[in-house]
Structure formats: structure tokens, C-alpha cells
Amino acid sequence: MPTPYHPSQFYSQEIAQFVIRLVYVSTCVNGLHLDDVQSIVSTAQQRNEKLGISGMLCWSGEFFLQCLEGERGLVTQCFARIAADARHHSVELIVSSPTNVRWFSEWGMGFSRLMSSHRLDVDSLAGQAFNPYLLEATDMQAAFSQLSQHAQRLRI
Ligand SMILES: Cc1cc2nc3c(=O)[nH]c(=O)nc-3n(C[C@H](O)[C@H](O)[C@H](O)COP(=O)(O)O)c2cc1C
């Protein structure tokens, strides 16, 4: 009998070539408040830490932009749960690629609250107000590097 597949055992082997980075953008439902988003971050932080998933969630009051890094199967399952969540819609995947280097190895799940007028210094946004749907995959590292300067690691 083959041993049943168990994602967390699989992760514990840290097979570098199966670590991916996934970035998506979405629009939050009307009426979502900071408290609601902090509760999302708190859940994310607890669950992701157990699964070895690192990353950052940015929220502008209108849009979400999230980066998830970890073992491919676990990140895929996590993203499937997130994409089905009724607290946001219009989920679009921008990046899903293998990586050897985590951008957020220090963070379970960082959180950055942005003003909708926030400007990122990247080519694809060209000085416009924060609209992550316009972000190109090639600008992602620069975008998260700037966003992480505003981020906080929530204590749980
Ligand atoms: C914008 C957004 C980001 C989220 N990020 C995460 C995450 O990183 N990890 C996670 O486990 N859940 C995250 N969630 C919550 C999941 O959608 C889901 O509610 C949670 O994982 C519990 O799933 P379950 O009820 O199927 O157990 C996020 C939700 C939203 C709306």
C-alpha cells in the first residue's frame, strides 16, 4: 500500500524545486472594514505558519494584493480556499512560478494597509493611484519591496 499523501509531511522535506511564489489581485466586497481584514490576516497567519507558507497581504480599502510562497501543493490548496472566499471577488492570478528564494522568509503573513491614493514607483503603474490589476509580473519584486516598507507583522 502506498503511504497516503500528506501535504505537511511533504513540506517538511523542503524540496526546493517545489517551492512556488503565487501573486493574485482581487476586489473586496463593499463594507469590509479594517477589523474584518485584520481577522483575515490573523487566520492567514496561524494557518500559513503551520503550512510553511510565507507572504504578504496588501489592502487598499478596495483591492487586495497577496503574495503566497511555499510548497507548491500547499500554496495551490491555500489559493483555492482564498479564491472561493465571499469577502472578495474578481480574483486574478498575476504570478505563479517556481522559486529558490523567498521574499518573505521572515514573515508568516505580513500585512500592509494602503491608502487608495498610494503610489508605487513601478513602470506598470506609472505614478497612478494604487490599482494592482495593472501590475505586471515583471514589476512584482519592486512592488513588494516598496509595499513591505509599510507592512507590519501582526502578533497573534
Ligand atoms: C483576501 C483574503 C486573503 C486570505 N488569505 C489567506 C491566507 O493567506 N491563508 C489562509 O489560510 N486563509 C486566507 N484567507 C481566508 C480563507 O479564504 C479561508 O477563509 C480560511 O483559510 C479558512 O478556510 P476554511 O473555512 O475552508 O477552513 C484569506 C481570505 C481573503 C478574503
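These questions and answers walk through a predicted model of one chain and its ligand. Residues are numbered from 1 along each chain as its sequence is written. In this predicted model, local features need pLDDT of at least 70 and side-chain atom pairs count only at pLDDT 80 or more, while totals for chains, interfaces and linings use all residues.

Q: What is the average pLDDT of the chain?
A: pLDDT is the predictor's confidence in each residue, from 0 to 100. Residues 1–12 stay under 50. Still, 86% of the residues score at least 70. The chain averages 85.

Q: In what order do the elements of the chain run?
A: Helices (H or I, at least four residues) and strands (E, at least two) are DSSP runs, numbered from the N terminus. The chain has four helices and six strands. From the N terminus on, the order is α-β-α-β-β-α-β-β-α-β.

Q: Which element gives the most to the shell around the ligand?
A: A residue is near the ligand if its C-beta atom, placed from the backbone, lies within 6 Å of it. In this model, 16 residues surround the ligand, and A44, R47, F64, D85 and R87 are the closest. At least two residues each come from α2 (34–51), β3 (63–71) and α3 (72–83). With five residues, the element that gives the most is α2.

Q: How many residues of the shell around the ligand are nonpolar?
A: Ala, Val, Leu, Ile, Met, Phe, Trp, Tyr, Cys and Pro count as nonpolar, Asp, Glu, Lys and Arg as charged, and the others, Gly among them, as polar. The shell has four polar and four charged residues. Its nonpolar residues number eight.

Q: How wide is the arc that the buried residues of α2 cover, and what is the arc?
A: A residue is buried if 20 or more other C-beta atoms lie within 10 Å of its own, exposed if 12 or fewer, and partly exposed in between, with C-beta atoms placed from the backbone. In α2, the buried residues are I40, V41, A44, Q45 and N48. They sit on the same side of α2, because the arc they cover (that of the directions from the helix axis to the C-beta atoms) is only 140°.

Q: Which residues are exposed on the other side of α2?
A: The buried side is covered by elements including β2 (54–59) and β5 (110–113). The other side of α2 holds the exposed residues D35, S39, T43, Q46 and K50.

Q: Is G110 buried or exposed?
A: G110 lies in strand β5. From Q45, G110 is 65 residues away in sequence and 8.2 Å away in space, C-alpha to C-alpha. G110 has 24 C-beta neighbours inside 10 Å, so it counts as buried.

Q: Which strands do the buried residues of α4 pack against?
A: Helix α4 (residues 140–148) has M140, A143, F144 and L147 as its buried residues. These fall within an arc of 90°, so they line one face of the helix. Two residues are in contact if their C-beta atoms, placed from the backbone, lie within 7 Å. The strands packed against are β1 (19–28), β2, β3, β4 and β5.

Q: What is the phi of S90?
A: Most residues other than glycine have a negative phi. S90 lies in strand β4 (residues 88–98). S90 counts as exposed because it has 10 C-beta neighbours inside 10 Å. Its phi is positive, near 55°.
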